[in-house]
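Let's take a walk through this protein together, one helix at a time. Keep the viewer open and click along as we go.

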Amino acid sequence: MHNSWTLLKGDKDLQIQLKTFLFAYGYLIALPFIILDAQTKIDLDGLAIGSLITTQMVGAMLSNFLWGKLSSNGLNKLTANISISLQIIAIFIAFNASTLYEYMFVFFLVGAALDGNRIASGNLILALAPADKRPVYVALQINIISFGLFFSLVGGVILHFFNYTILYSTASAMLFSSLYFSFKLKD
């Protein structure tokens, strides 16, 4: 732990990378609750929910052509920039959505963005880490950014005490922070 802490304190590029991809999990503040918001605006039967899930998977599959092309050209920073931007757009659309098709587009963007973030973070950490310290860098990244998986708990607390406006605003603020740091990533 001491060596990891020393490594983390001494590597500014690693700090930027971890902030970028931890804050990129900010979408989880809102994502689990978008469906609840949708339920108050549109009729969500089994077919509609299945359509949303299918659309998210189609977004993930189709976006991989773009992420693969960018990644093979060494444009992992651009991949991170685009995928985080897609998450921000998805949150903004969710805030104003009122039809099933708008919600399908939200889920399509989320599906696309998730794979972009995963690919960019994995490739960037390998490029950033010195060969002899790659296992430590990868472990640090995985362990630190995995705390973002708990952001949905934060979203639940926000929604319990406030409203969807605060929920979406908080998720957007986290994602804008992630986007800000993503422009400082080393490609």
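What follows is a tour of helix packing, salt bridges, a surface patch and a few single residues. Bear in mind that this is a predicted model.

Let's begin with helix H9, which covers residues 164–182. How do H8 and H9 pack? Their axes lie 8 Å apart, and the angle is about 150°. Anything over 145 degrees counts as roughly antiparallel, so that's the label H8 and H9 get. If you look at the handedness, the crossing of H8 and H9 is right-handed.

H9 has another partner to look at, namely H5. Here the axes come within 9 Å and cross at roughly 165°. H5 and H9 are therefore roughly antiparallel to each other too. The crossing of H5 and H9, though, is left-handed, while that of H8 and H9 is right-handed.

Now click on Ile 91, which sits in H5. Is Ile 91 buried or exposed? Its relative accessibility is 4%, and the cut-off for buried is under 20%, so Ile 91 counts as buried. For a feel of how the chain folds back, pick Ser 169 as well: Ile 91 and Ser 169 are 78 residues apart along the chain, yet their C-alpha atoms are separated by 8.7 Å.

Staying in H5, which runs over residues 76–96, you'll find Asn 81. Asn 81 has a relative accessible area of 10%, so it's buried. Measure over to Ala 113 and you should get 9.9 Å between the C-alpha atoms, with the two positions 32 residues apart along the chain.

For a contrast, try Ser 72, in helix H4 (residues 46–72). With 58% relative accessibility, Ser 72 counts as exposed. The C-alpha atoms of Ser 72 and Gly 111 are separated by 21 Å, and these two are 39 residues apart along the chain.

Next, the charged side chains. How many salt bridges does the count come to? The answer is two. One of them joins Asp 37 and Lys 41, with 3.4 Å from N to O. Why are Asp 37 and Lys 41 separated by about one helical turn? Because they are four residues apart in helix H3, which spans residues 27–41. The two ends of this bridge have rather unlike surroundings: Asp 37 is buried, with a relative accessible area of 4%, whereas Lys 41 is partly exposed at 35%.

Asp 115 and Arg 118 form a salt bridge as well, and their closest N and O atoms are 3.6 Å apart. This pair belongs to helix H6 (residues 100–128), and since Asp 115 and Arg 118 are three residues apart there, about one helical turn separates them. Asp 115 has a relative accessible area of 15%, so it falls in the buried class.

Let's finish on the outside. Which residues form a nonpolar patch on the surface? They are Phe 147, Leu 149, Phe 150 and Leu 153, and together they have about 460 Å² of accessible area. Zoom in on Leu 153, which is found in H8 (residues 151–161). Its relative accessible area is 56%, and exposed means over 50%, so Leu 153 is exposed. That brings us back to our starting point, as H8 is the helix that packs against H9 at an angle of about 150°.

Conventions
Residues numbered from 1 in each chain as written. Predicted model: local features only at pLDDT ≥ 70, side-chain atom pairs only at ≥ 80, totals over all residues. Heavy atoms only, no water. Patch = residues over 30% accessible without salt bridge, like charges linked within 9 Å, V, L, I, M, F, W, Y side chains within 5 Å. Areas by Shrake-Rupley, 256 points an atom, 1.4 Å probe, with all protein chains shown as cover. Salt bridge = Lys/Arg side-chain N within 4 Å of Asp/Glu carboxyl O. Helix = DSSP H or I, 4+ residues; strand = E, 2+ residues; numbered from the N terminus. Buried < 20%, exposed > 50% of the residue type's maximum accessible area, 1.4 Å probe, protein only. Axes fitted to C-alpha atoms, helices over the stretch in contact; angles between N-to-C directions. Parallel < 35°, antiparallel > 145°, perpendicular 65-115°, else oblique. Left-handed = near helix turned anticlockwise from the far one by under 90°.
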